[in-house]
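Welcome! Here are some short exercises with worked solutions, to be followed with the structure open beside you.

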Amino acid sequence: MGYAQLVIGPAGSGKSTYCSSLYQHCETVGRSINIVNLDPAAENFDYPVAMDIKELISLDDVMEELGLGPNGALIYCMEELEYNLDGWFAEELENYRDDDYLVF
């Protein structure tokens with residue numbers, strides 16, 4: 001992986017809108033980007049998602065199986081991602097070349 005952006009912010013701050021606009025811009029100018037979803041609660045995207053945390057864990061499954069509310073389930077999902085940084089996450093990143101552009 002050569003280049004990346006980390007898009008962060010509270011709910012409703014425009015993260016998905018930004019990613020959508022960036023994807024459309026890159027598509028228009030002929031550049032390739034790969035968008036990585038690290039939000040286990042996000043469900044609908046109007047751009048292709050190259051890598052999705054829901055392949056590892058989903059918020060709904062955690063809430064149902066562990067009886068947690070949404071906030072507790074989000075924390076659990078982030079801890080699961082942290083636990084799998086050297087496993088699932090690293091393996092997924094191996095699919096990208098040094099000149100690929102990733103947006104997290």
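## Exercise 1: One serine

Ser-20 is found in helix H1. Keep in mind that the model is predicted.

**Task.** Decide whether Ser-20 is buried or exposed, and find which residues Ser-20 touches beyond those up to four places away in sequence.

**Solution.**
- Step 1: Start with the cut-off, since buried means under 20% relative accessible area.
- Step 2: Ser-20 has a relative accessibility of 7%, so it counts as buried.
- Step 3: Leaving out residues up to four places away in sequence, Ser-20 is in touch with Asp-46 and Tyr-47.

## Exercise 2: The overall plan

**Task.** Work out how many helices and strands the protein has, and in what order the elements run.

**Solution.**
- Step 1: Counting gives four helices and four strands.
- Step 2: Starting at the N terminus, the order is β-α-β-β-α-α-α-β.
- Step 3: For the extent, the C-alpha atoms fill a box of roughly 45 × 30 × 20 Å along the principal axes.
- Step 4: The protein has 104 residues, and 33% of them count as buried.
- Step 5: Take the contacts between residues at least 6 apart in sequence: 53% of these join residues at least 24 apart.

## Exercise 3: Building the sheet

**Task.** Find the order of the strands in the sheet and say which are the edge strands.

**Solution.**
- Step 1: Four strands form an open sheet with parallel pairing, in the order E1-E4-E2-E3.
- Step 2: Strand E1 (3-5) and strand E3 (49-52) each pair on one side only, which makes them the edge strands.
- Step 3: On average, neighbouring strands of this sheet are turned by 25° against each other, direction ignored.
- Step 4: Now add a helix: H4 (residues 85-93) lies across E3 and E4, and it runs at about 165° to E3.

## Exercise 4: A closer look at E2

**Task.** Identify the bridge partners of Ile-35 in E4 and in E3, then work out which way the residues of E2 point.

**Solution.**
- Step 1: On one side, E2 pairs with strand E4 (residues 101-103) in the parallel sense over two bridges. Here Ile-35 stands opposite Val-103, while Asn-34 has Leu-102 as its bridge partner.
- Step 2: E2 also pairs with E3, again in the parallel sense, over three bridges. The partner of Ile-35 in E3 is Val-49.
- Step 3: Recall that side chains in a regular strand alternate between the two faces of the sheet.
- Step 4: In E2, Asn-34 and Val-36 point one way, and Ile-35 and Asn-37 point the other way. All four of these residues are buried.

## Exercise 5: Two pockets

**Task.** Describe the largest pocket and the second largest pocket by volume and lining.

**Solution.**
- Step 1: The largest pocket holds about 460 Å³ of space. It is lined by 19 residues, of which Val-7, Lys-15, Asn-37, Leu-38 and Asp-39 are the closest to its centre.
- Step 2: Helix H1 (15-29) and strand E2 (34-37) are the elements that give two or more residues to this lining.
- Step 3: By class, the lining of the largest pocket has 14 nonpolar, three polar and two charged residues.
- Step 4: The second largest pocket has a volume of about 220 Å³. Its lining includes Gln-5, Leu-22, Asn-34 and Tyr-101.
- Step 5: H1 gives the most to the lining of the second largest pocket, with three residues. By class, that lining has four nonpolar, four polar and four charged residues.

Note on methods. Residues numbered from 1 in each chain as written. Predicted model: local features only at pLDDT ≥ 70, side-chain atom pairs only at ≥ 80, totals over all residues. Heavy atoms only, no water. 1 Å grid on protein atoms, 1.4 Å probe; cavity = no way out; pocket = protein on both sides within 12 Å on 5 of 7 lines; lining within 4 Å. Points joined across faces, edges and corners; volume = space filled by probe spheres on them. Nonpolar A, V, L, I, M, F, W, Y, C, P; charged D, E, K, R; others polar. Pairing = 2+ DSSP bridges. Axes fitted to C-alpha atoms, helices over the stretch in contact; angles between N-to-C directions. Contact = heavy atoms within 4.5 Å. Buried < 20%, exposed > 50% of the residue type's maximum accessible area, 1.4 Å probe, protein only.
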